[in-house]
Amino acid sequence: MRDPMNIVTHSYEFMHHRRISRVLVAAVIAFAIGWIGLCSDKINIDIEENADTTTTSNKISDKINIEKSTSETAKNNLLFQLPLCKPLNLTAVQEGIICLPKCDPSAADEGSLHPNEKINLTVQTNRDKYPGEYGKYRIHFPEEEIYLHVDGREYKKGGEAMHPRSVTERLFRRVIAKLFRAGVLDPTKNIINTGSWIGDNALPWAMMLEQLTTKPGKVIAVDPSPMYVNNMVNTAHLNLIGNVCTHVTVYSAKKGTVFTSTTEHMGVNLGLKRGEKQINMITLDSENITNLALLHIDVEGHESELLTGAMDLIKTSRPVIVTEGVSGLTDSNDKKVAEILRSLDYVHESSEIPEICGWNKSCRNHIWWPDQDMKDSAMKVIGNDLSRSEIVPWVSSELL
């Protein structure tokens, strides 16, 4: 859940500027890349039925050589073949899905990426405090087994919010990672991450998919805040992520306009007639997305309206769906969600993740399976995680 976090910084140091030298020849760029460009039109994200799904090994491995794939030498060699990153077109990204190319972030001033610098942060809610130590510019996401670089300038503007997200809702992260590594979820298919905020789920998932297969699916990160989407795009560029798409919009039951009184952590209020920000509201079906493995919904109580506008996508792709709700699905909105998904023959029994997913201690992530066979396959992989007797806290620096 994208709850506001009061993060207290106990100690940090000034970064050392580092800029990657460029020795680029335009002809080499044109030959190697063919200029990928930004896709400002709405797109049909598809993967051919018989596409080569060769993974990095004969079997998707639980252990990935992170250091090798993220080494500075490999990164610098790749940069010689890439065009410079361009600023996000904030008009285009509100009109349709934009897919981000891999590009050279040198001009973006990535700041110091010293791997050993640490920062101590405390996440504080109205009831609990979660202190922890994190890499300052290189954040380890233990469940996805990736390292995410963050820009020093984003850090100064509040980018430190990304650090504790690496171990926030950690059991949920573990469950999703296990399902992809085991092949229960297909890493060549796409993910939709609604309520994507700063990309704390979308970016680690995209990097994980790139490690699991040579033909990774796209992660479509959708949020109503241009500010947070822009923050995510900058981080994606910095990490040379090439399988992220994004759209600034609100998914709902029908096309229209929604107003919000804030640009941060916004909940959708369909009854609001005026506000600080006006946002386009569309149906998820209108995006023409196909081959979907996972639909992650974190939309602050707007879940049933989103699902109503996504019926065609759900019927054709039959993705695994994760929704947020209260424990036991006793809330009125949760009951609407359950009614919609059960009408589509989705299965949920015993699929509540035993972990707090926000400030509300009754908040839980719920997994909805497209059929019993997939649920049975999944439980062989994550059954022990879902049957924990103790509820996992929202932030978990250690999780056995």
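Visitor: Over which residues does pLDDT stay under 50?
Guide: pLDDT is the predictor's confidence in each residue, from 0 to 100. Here it stays under 50 over residues 2-70, for which the model has 165 contacts beyond four places in sequence. Contact means heavy atoms within 4.5 Å. This is a predicted model: local features need pLDDT of at least 70, side-chain atom pairs count only at pLDDT 80 or more, and totals for chains, interfaces and linings use all residues. Residues are numbered from 1 along each chain as its sequence is written, and side-chain values use heavy atoms, with hydrogens and water left out.

Visitor: What is the mean pLDDT of the protein?
Guide: The mean is 79, and 72% of residues reach 70 or more.

Visitor: How many degrees is the kink in helix 13?
Guide: Helices are DSSP runs (H or I, at least four residues), as are strands (E, at least two), numbered from the N terminus. The bend at a residue is the angle between axes fitted to the seven residues ending there and the seven starting there. In helix 13 the kink is about 65°, centred on Lys380. Helix 13 (residues 372-386) spans only 16 Å between its end C-alpha atoms; a straight helix of 15 residues would span 21 Å.

Visitor: Which residues of helix 13 are buried?
Guide: Buried means under 20% relative accessible area, exposed over 50%, partly exposed in between (1.4 Å probe, protein chains only). Lys375, Ala378, Ile382, Gly383, Asp385 and Leu386 are buried. Their cover includes helix 7 (170-181) and strand 15 (363-368).

Visitor: Why does Arg174 count as buried?
Guide: Because its relative accessibility is 11%. Arg174 lies in helix 7. Beyond four places in sequence, Arg174 contacts Glu143, Asp385, Arg388, Leu399 and Leu400.

How values were computed. Expected span 1.5 Å × (residues − 1).
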